[in-house]
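Subject: Handover of a structure, with notes

Dear colleague,

I am passing on the structure below, together with notes on its core, its sheets and two backbone positions. Please read the notes with the coordinates open beside them.

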Amino acid sequence: MRKSAIFAVAAAIGLAGTAVPAVAADGPAPDPVTVQLNQDTAVRHGQVNAYQRGSDPNLALAYCPGAKAGAATFSSPALAFSQYYYGEMVGVKATMSAHANLVPGTKPGSYPLTVTCDGKQYNATFTVPAAQVSRVPQGAAKAGDGSLAG
């Protein structure tokens, strides 16, 4: 045999060994529905499924194909929803959103966020951080006022 013929046979065997066979799916495809609170942006990370205090507004987002008013809704024991929007969105894989406002008296912790889509419920868990001190304690030093100068 000539060297080129041997090389061609070896190459054919090698290529045959690296071919990836088609694999049939085992069972139904995973459900495409997703739900989350907020979205990370190029500037702010760590927003997904975390309630953002002082952020206006927090958004519940869901990818629910065919979502429309009356057929798809959000629910959570810690959030009140308003201003629903149905339709494709730019920059996030979602077909519906709603403003999500913290229910007064909600304690820090983890809570469920549910979207009802096509008669089925899909859940995510989000966290509510502790509120930061909004008032300076009486008698506290004030930066730059000279009160600590000696």
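A nonpolar core, as the term is used here, is a set of buried Ala, Val, Leu, Ile, Met, Phe, Trp, Tyr and Cys residues joined through side-chain atoms within 4.5 Å, where buried means under 20% relative accessible area, exposed over 50%, and partly exposed in between, with a 1.4 Å probe and protein chains only. Please bear in mind that this is a predicted model, in which local features need pLDDT of at least 70 and side-chain atom pairs count only at pLDDT 80 or more, while totals for chains, interfaces and linings use all residues. Residues are numbered from 1 along each chain as its sequence is written, and side-chain values use heavy atoms, with hydrogens and water left out.

The largest nonpolar core has 25 residues, and those with the most contacts inside it are F74, L79, F81, M96, L113, V115 and F126. Two or more residues of this core come from each of β1 (34-37), β2 (58-63), β3 (72-75), β4 (79-86), β5 (96-102), β6 (109-117) and β7 (120-128); strands here are DSSP runs of E with at least two residues, numbered from the N terminus. Leaving aside residues up to four places away in sequence, L79 touches L37, Y51, A100, N101, L102, V103, L113 and F126, a contact being heavy atoms within 4.5 Å.

Turning to the sheets, two strands pair if DSSP finds at least two bridges between them. One open sheet has four strands in the order β1-β2-β5-β4, with antiparallel pairing. Because β1 and β4 stand at its edges with a single partner strand each, one side of each is left without a neighbour in the sheet. Within this sheet, β2 and β5 run antiparallel and are joined by five bridges, and L59 has H99 in β5 as its bridge partner.

Another open sheet has three strands in the order β3-β6-β7, again with antiparallel pairing. Here β3 and β7 are the edge strands, each with a single partner, so one side of each lacks a neighbour in the sheet. The antiparallel pairing of β6 with β7 extends over nine bridges, and P112 stands opposite T125 in β7.

Finally, two backbone positions may merit a look. N49, in the loop between β1 and β2, is not a glycine yet has a positive phi, near 60°, and is partly exposed at 22% relative accessibility. D118, in the loop between β6 and β7, also has a positive phi, about 55°, although it is not a glycine, and D118 is exposed, with a relative accessible area of 71%.

With best wishes
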